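Trainee: Mind walking me through this one? I'd like to see how the pieces fit together.

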Amino acid sequence: MSHASRTAPRICPLCEATCGLTLTIEGTTVTGARGDRDDIFSRGFICPKGASFGGLDADPDRLRVPLVRGDDGELREATWGEAFDLIAARIPDLVQAHGPQAVGVVLGNPNVHTMAGSLYPPLLLGALRTRNVFTASTLDQMPKHVSSGLLFGDAHAIPVPDLDRTDHLLLIGANPLESNGSLCTAPDFPGRLKALRRRGGTLTVIDPRRTRTARLADRHVAIRPGADALLLAALAHTLIDEKLADPGPLAEHLVGLDELAAALADFTPDTVAADCDVDADTITAIARELAAAPTAAVYGRIGSCTVEHGTLASWLVDVLNILTGNLDRPGGALFPLSATARAPRAAEPGTRHAAPGKGFALGRWSSRVSGHPEAKGELPIAALAEEIDTPGEGRIRALVVIAANPVLSAPDGDRLDAALADGLDFMVSVDPYLNETSRRADVVLPPPPPSQSAHFDFAFNSFAVHNQVRYTRAAVPLEAGRMDESEIHARLILAVSGMHGAPPSAVDDLAVDTALTRAGAPKELAAGLTGESGPERRLDLMLRLGPYGLTLERLLAHPHGIDLGPLKPRLTEVLRTRSGRVELLPEPIAADLPRLRRALGDRPAPLVLVGRRHLRSNNSWMHNVGSLTGGSNVCTLQIHPDDAARLGLADGDTARIESSGGGIEAPAEITDTVRSGVVSLPHGWGHSRPGTRLSVAAAHPGANVNQLLDGTLLDPLSGTAVLNAIAVSVTPAR
């Protein structure tokens with residue numbers, strides 16, 4: 001039977017760019033995806049991931065019904081009722097017997113790519129009352145949250161480069177031509193960088209690899225991996241020492257400028273040059289170019305975050321933007337204002353300054369085993385295994401894992417895998433796949449494919465380079481036997497909180513009531529909310545309470561989005577420090593700087609490992625799409641020709657890589673795009689464990705780079721695992 005073809009708009013959920021798509025649908029099957037030319041943000045841009053939407057959506061390996069572990073130890077298909085009955089029978093009893101810390105929660109990267117993943121986990125954590133919370137942030141972006149919290153008093157106040165208006169962009173540890181951007185939501189990042197060049201702007205890229213982004217740059221600096229904070233400190237020192245620092249109007253909102261100058265006095269270009277493997281003249285030139293540019297923005301990402309001094313590097317990125325007067329300035333780095341943001345704070349009465357806020361605190365509690373301090377309410381995911389397999393009071397006995405695969409994405413997956421298998425009394429996974437982590441669960445709850453889900457970007461609109469708002473309803477109806485992702489989350493919350501059997505709408509009603517109370521809004525507003533579901537009613541409320549006074553009804557009338565205008569200066573609206581000022585040298589940063597000083601003159605390891613991004617991949621969760629395999633999307637060890645010759649490796653040979661956590665093997669790819677003394681492996685591979693249902697990924701398993709790490713090396717301020725600049729040895733495999 002043939003079905004007439006139709007089209008439907010859909011925001012792409014596969015990376016942070018959030019491009020608008022036009023889906024072609026026959027019956028209930030997505031048969032094609034192209035860029036939506038009418039989308040007010042992406043203007044028709046699409047990348048290979050977006051083009052593969054139909055393949056991912058219809059992946060035959062996606063689970064369609066829940067799985068429950070039977071008495072024989074095997075997972076079997078079950079009804080939704082059976083699955084939630086089992087959760088309700090086990091987790092509340094474990095909490096009753098051992099306390100709320102007996103339950104751990106793991107949240108993965110895909111959570112921020114769905115409406116449900118943004119709306120419901122905070123309610124789940126509130127219901128469980130556990131402090132054992134682990135997320136992908138401590139494998140990625142936590143240093144930026146911590147540095148922003150310390151500087152601005154709000155861990156979510158992250159300025160983004162004003163890409164479309166800047167005259168000079170400095171990227172460090174970022175490769176947006178392949179990542180599509182991160183903590184900087186910008187559809188068609190490549191086109192925006194090319195536009196920068198066309199209008200006479202300058203692009204500087206600091207990266208140990210000659211990436212696609214680096215090849216586009218006016219200046220590429222092949223830094224020694226891990227030396228990001230040293231180089232950034234030297235740039236800041238130069239601006240101050242040569243009297244090039246000019247915060248301009250920012251000056252009245254700053255505290256600690258003199259103390260900052262003293263703290264950075266030791267980090268001269270001559271002092272750091274050898275450690276960075278960048279000559280002092282180049283460092284000085286970069287600083288002078290930043291100061292001389294009419295407008296400039298410094299932007300750092302995962303390569304500068306997942307290193308030993310990741311928080312210091314993230315802090316120094318904003319210090320440079322401040323010292324050059326480019327923070328909160330058009331063409332510099334600005335704070336987006338999303339349509340669902342909380343209302344901007346008013347200035348202190350009678351002044352132009354921000355009112356004092358609550359500030360940001362680190363280490364309010366610590367992990368049980370190693371005493372790692374919390375950051376933003378989270379513990380390092382590298383510590384998850386020891387919190388399960390180390391005996392004693394407070395041990396994690398039950399785990400709820402939502403859209404996460406830490407066996408592949410966290411250090412020492414072998415230990416974590418064993419802990420999940422032998423150390424837990426109960427485990428729940430919310431995941432569309434039976435992957436390397438969910439295969440250990442007692443209950444697996446599969447959300448539907450993206451075509452059957454509505455989409456709104458709560459998180460990424462807060463990092464967008466242009467203020468806008470877009471919402472798309474499900475493109476096809478929910479398939480029989482499936483459960484909407486929001487209902488899965490709501491029923492999970494009810495099951496763990498002793499309210500099993502209550503309608504899922506009770507969770508959304510409670511969320512609406514709480515939001516009205518916090519906003520000081522009349523409770524009668526709830527009756528006027530529109531929407532076909534609880535999540536839509538909650539979105540309608542957030543839009544109404546937001547800074548633009550929008551409604552769901554108005555948003556639905558604009559299927560390609562509403563343009564809310566360019567980013568504007570709004571520093572005083574976001575500041576929440578106790579002083580009401582930008583605190584340039586917060587105490588935790590000052591206390592960590594001696595550790596950076598001790599790194600000066602360190603003898604570098606002969607060979608260090610860095611990661612790399614693939615345009616046709618997103619961590620571990622897109623390796624099962626056949627159309628995205630092959631080409632550059634392969635797990636190879638990139639190695640410079642000089643190092644390969646010294647080690648006796650030829651192109652295509654199997655290399656043995658070893659470090660503190662163990663050893664792995666991968667094919668050698670000899671290339672001069674990686675500097676000598678550096679090798680590179682991509683993140684998210686290693687699909688070779690038994691018991692999964694990932695047929696495409698298992699046919700191209702690759703090697704799990706995180707098995708080289710034992711999980712003990714962390715950035716102390718943020719708890720982020722050190723994934724880059726790892727000392728390794730490489731030999732031909734025997």
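Mentor: Sure. Before we start, one term: contact means heavy atoms within 4.5 Å. Also keep in mind that this is a predicted model.

Trainee: Okay, so which helix lies across β9, β10, β11 and β13, and at what angle does it run to β11?

Mentor: Look at residues 280-292, which form a helix lying across those four strands. That helix is α13, and its angle to β11 is about 135°.

Trainee: And which other helix packs on the sheet, touching β9 and β13?

Mentor: Check the direction relative to β13: the helix you want makes about 175° with that strand. It spans residues 310-323, and its name is α15.

Trainee: What's the strand order in that sheet?

Mentor: The sheet is open, has 4 strands and pairs them in parallel. β11 (219-221) and β13 (297-300) each have a single partner strand, so they stand at the edges with one side lacking a neighbour in the sheet. From one strand to the next, the twist averages 15°. Put together, the order reads β11-β10-β9-β13.

Trainee: How many bridges join β9 to β10?

Mentor: Residues 168-172 make up β9 and residues 202-206 make up β10, and the two run parallel. Leu 170 stands opposite Thr 204, and Leu 171 stands opposite Val 205. The number of bridges joining the strands is 5.

Trainee: Which β13 residue stands opposite Leu 171?

Mentor: β9 also pairs with β13 in the parallel sense, over 4 bridges. Across from Leu 171 on that side you'll find Tyr 299.

Trainee: How many of the residues in β9 are buried?

Mentor: Take the two faces in turn. His 168, Leu 170 and Ile 172 point one way, Leu 169 and Leu 171 point the other way, and all are buried. For β9 that gives 5 of its 5 residues.

Trainee: Switching to cysteines, how many disulfides does the count come to?

Mentor: A disulfide needs two cysteine sulfur atoms within 2.5 Å. The closest cysteine sulfur to Cys 19 belongs to Cys 15 and is 6.1 Å away, so that is too far for a bond. Cys 47 also has its closest cysteine sulfur in Cys 15, but 5.3 Å is again too far. The count comes to 0.

Trainee: Is Cys 47 buried or exposed?

Mentor: The cut-off for buried is under 20% relative accessible area. Cys 19 has 7%, so it is buried. Cys 47 has 12%, so it too counts as buried.

Notes. Residues numbered from 1 in each chain as written. Predicted model: local features only at pLDDT ≥ 70, side-chain atom pairs only at ≥ 80, totals over all residues. Heavy atoms only, no water. Pairing = 2+ DSSP bridges. Axes fitted to C-alpha atoms, helices over the stretch in contact; angles between N-to-C directions. Buried < 20%, exposed > 50% of the residue type's maximum accessible area, 1.4 Å probe, protein only.
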